[in-house]
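Trainee: Before I accept any label on this model, I would like to see which value earns it. Please take me through the labels one at a time, with the cut-off beside each.

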Amino acid sequence: MSMRVEQATIDDLTEIAALYDDVADALQRSPTNWAGWRKGVYPTRAEAEAALPNGTLYILRDATGAIAATAILNHDQPEPYLALAWPIAATGDAVAVVHTFMTRPDSLRRGFGAQMLRQLHDLAKAQGCRCVRLDTYQHNGPAKALYEKLGYQRVGLVDLGFGAYGLDLYQCYELPL
């Protein structure tokens, strides 16, 4: 069965919110919370609800029909991104930005994350984007390994304002399309 990324609908919000909580809970239970996410802080249902009307919330279902991965793909670059020397000189709608990308905890290491990102790359290219950008907490080894395996280039570290949660710097990446 070929799994395709699809735009989420309002009917998917409850499952996406549960996925956000499941991922945050799993990270809190692990010896290292690679992403630094905290239930009730980030990510929350509010992020999904804000992306839904814009058509920027995406999901990938597994063979059972359950959501295996989700992400937001838009053109919104956080303010600190603007201080970086990006390899691709692109702005606005020429840049696709991945936010709140995650895979269901019981679906890890099964290729869903890589499959979702590759399909998001194709979507961004079809939208005329020149590159895809994203960030991850600087100590998120699993995410960094995935991004680099997919061809993303490290660009620099930025402070996204989450120091109060012990999350000082985020590694930014760019993938030319």
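Mentor: Helix H4 (141-149) is a good place to begin, since what covers its buried residues includes strand E4 (95-103), helix H3 (112-126), strand E5 (131-137), strand E6 (153-158) and strand E7 (170-176). Helices and strands here are DSSP runs, of at least four residues in H or I and at least two in E respectively, numbered from the N terminus. The model is predicted, with local features needing pLDDT of at least 70 and side-chain atom pairs 80 or more, while totals for chains, interfaces and linings use all residues. Residues are numbered from 1 along each chain as its sequence is written, and side-chain values use heavy atoms, with hydrogens and water left out.

Trainee: Which residues of H4 are called buried?

Mentor: Ala143, Lys144 and Tyr147 of H4 carry that label. Seen down the helix axis, the buried residues of H4 fall within an arc of 100°, so they line one face. The arc is taken over the directions from the axis to the C-beta atoms, and buried means under 20% relative accessible area, exposed over 50%, partly exposed in between, with a 1.4 Å probe and protein chains only.

Trainee: What makes glutamine 119 and threonine 100 count as buried?

Mentor: Glutamine 119, found in helix H3, has 9% relative accessibility and therefore counts as buried. Threonine 100, which lies in strand E4, is buried because its value is 6%. Threonine 100 also has a positive phi of about 50° although it is not a glycine.

Trainee: What touches glutamine 119, apart from its neighbours within four places in sequence?

Mentor: Glutamine 119 is in contact with Met3, Arg4, Val5 and Leu60, where contact means heavy atoms within 4.5 Å. Judged in the same way, aspartate 135 of strand E5 is in contact with Tyr81, Leu160, Tyr170, Gln171 and Cys172. The C-alpha atoms of aspartate 135 and tyrosine 81 are separated by 9.4 Å, with the two residues 54 apart along the chain.

Trainee: How do you know that the span of H1 agrees with what is expected of its 17 residues?

Mentor: The expected span is 1.5 Å times one less than the number of residues, so for H1 it should be 24 Å, and the end C-alpha atoms are indeed 24 Å apart. Its buried residues are Leu13, Ile16, Ala17, Leu19, Tyr20, Val23, Ala24 and Leu27. These fall within an arc of 155° and so line one face of the helix, whereas Thr14 and Arg29, on the other side, are exposed.

Trainee: What makes the peptide bond from tyrosine 42 to proline 43 stand out?

Mentor: That bond is cis, with omega near -5°, and proline 43 has its place in the loop between H1 and H2. Most peptide bonds are trans.

Trainee: What volume does the largest pocket have?

Mentor: Its volume is about 1,200 Å³. Of its 45 lining residues, Ala35, Trp37, Phe101, Asn140 and Ala143 are the closest to the centre. A pocket is an open set of points on a 1 Å grid over the protein atoms alone, where a 1.4 Å probe fits, with protein on both sides within 12 Å along at least five of seven lines, and lining residues have an atom within 4 Å of a point. The volume is the space filled by probe spheres set on those points, joined across faces, edges and corners.

Trainee: Which strand supplies the largest share of that lining?

Mentor: E4 does, with 6 residues.
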